Amino acid sequence: MREVLLETGRLVLRKLEQGDFDEVCKLLQDPVVMYAYEGAFSDQEVQAWLDKMFRRYEDDGFALWAVIEKSSGELIGQCGITYQEYNGGRVPEVGYLFRKEFWHKGFATEAAIACKEYAFQELNFDEVYSIIRDSNVASQNVARRNGMVEVDTLVKHYRGVEMPHIVFRVSRGNSLKK
């Protein structure tokens, strides 16, 4: 039995496994989903992504997790907490990525809120962030629904492209359960 890390009304979140490779490809190899990353991933890049999550589970105790829709048992996305570089240090970020056929159904918000609460209650973080490309309005809206506010901007360099990002943050005391 796979270990359930988080459960919401419609979703189960668990660690990613090597056996999820084909399902993760549906996500990371979709150019529409991956536009914020400047394009779809190759098989090798998908494997490197999985390997990075496996290392983070070992090193940090958390990372992005598989998001499983309860009604279908299908892996519909990834959501979780990772450390990201910001302002000269590392901050915990709630990140999320979902297959496009599951967009605009509230899944990302549901999973992100659960991960934020996990970060506060289980990992004892005082604040969490979401660092989102400035062109990714849908993800920005998820961050806002997760109680986050804009606090900064920065530029990331990825695949030879300068990408402006908006930094969102919420503190434990300002977190509203929904």
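**Figure 1. Ile 68 in strand S3.** Ile 68 sits in strand S3, which covers residues 64-69. The model shown here and in the other views is predicted. Ile 68 counts as buried because its relative accessibility is 12%, under the 20% cut-off. Leu 11 is 57 residues away from Ile 68 in sequence. In space, their C-alpha atoms are 5.6 Å apart. Leu 11 is also one of the residues that Ile 68 touches. Leaving out residues up to four places away in sequence, the contacts of Ile 68 are Arg 10, Leu 11, Val 12, Arg 14, Gly 73, Glu 74 and Leu 75.

**Figure 2. The crossing of helices H1 and H2.** Helix H1 spans 21-28 and helix H2 spans 43-60. Their axes come within 10 Å. The crossing angle is roughly 110°. H1 is therefore roughly perpendicular to H2, since angles of 65 to 115 degrees fall in that class. The crossing is right-handed. On the H1 side, the contact is made by Phe 21, Val 24, Cys 25 and Leu 28. H2 contributes Asp 43, Val 46, Gln 47, Trp 49 and Leu 50. By class, this contact of H1 with H2 has 7 nonpolar residues, 1 polar residue and 1 charged residue.

**Figure 3. Glu 23 on helix H1.** Glu 23 belongs to helix H1. Is Glu 23 buried or partly exposed? Its relative accessible area is 24%, so Glu 23 is partly exposed. Outside the residues up to four places away in sequence, Glu 23 touches Glu 74, Leu 75 and Arg 99. Two of these names, Glu 74 and Leu 75, also appear among the contacts of Ile 68. Arg 133 lies 110 residues from Glu 23 along the chain. The C-alpha atoms of Glu 23 and Arg 133 are separated by 24 Å.

**Figure 4. Val 32 in the loop between H1 and H2.** Val 32 is found in the loop that joins helix H1 (21-28) to helix H2 (43-60). With 41% relative accessibility, Val 32 counts as partly exposed. Which residues does Val 32 touch, not counting residues up to four places away in sequence? They are Lys 100 and Trp 103. Asp 126 is 94 residues from Val 32 in sequence. From C-alpha to C-alpha, Val 32 and Asp 126 are 34 Å apart in space.

**Figure 5. Glu 93 in strand S5.** Glu 93 lies in strand S5, which runs over residues 89-98. Relative accessibility is 9% here, so Glu 93 counts as buried. Beyond residues up to four places away in sequence, Glu 93 touches Gly 80, Ile 81, Thr 82 and Gln 84. Tyr 129, Ser 130 and Ile 131 are also in contact with Glu 93. Arg 169 is 76 residues from Glu 93 along the chain. The two C-alpha atoms are separated by 8.8 Å.

**Figure 6. Asn 87 and His 104, two loop residues with positive phi.** Asn 87 lies in the loop between strand S4 (75-86) and strand S5 (89-98). Its phi is near 55°, a positive value in a residue other than glycine. Is Asn 87 buried or exposed? Asn 87 counts as exposed because its relative accessibility is 69%, over the 50% cut-off. His 104 lies in the loop between S5 and H3. Phi of His 104 is near 60°, again positive in a residue other than glycine. At 74% relative accessibility, His 104 also counts as exposed.

**Figure 7. Helix H3.** Helix H3 takes in residues 107-121, 15 residues in total. How far does H3 reach from its first C-alpha to its last? The span is 21 Å. That is close to the 21 Å expected at 1.5 Å a residue. H3 is mostly covered. Of its 15 residues, 14 are buried.

Key
Residues numbered from 1 in each chain as written. Predicted model: local features only at pLDDT ≥ 70, side-chain atom pairs only at ≥ 80, totals over all residues. Heavy atoms only, no water. Helix = DSSP H or I, 4+ residues; strand = E, 2+ residues; numbered from the N terminus. Buried < 20%, exposed > 50% of the residue type's maximum accessible area, 1.4 Å probe, protein only. Contact = heavy atoms within 4.5 Å. Expected span 1.5 Å × (residues − 1). Axes fitted to C-alpha atoms, helices over the stretch in contact; angles between N-to-C directions. Parallel < 35°, antiparallel > 145°, perpendicular 65-115°, else oblique. Left-handed = near helix turned anticlockwise from the far one by under 90°. Nonpolar A, V, L, I, M, F, W, Y, C, P; charged D, E, K, R; others polar.
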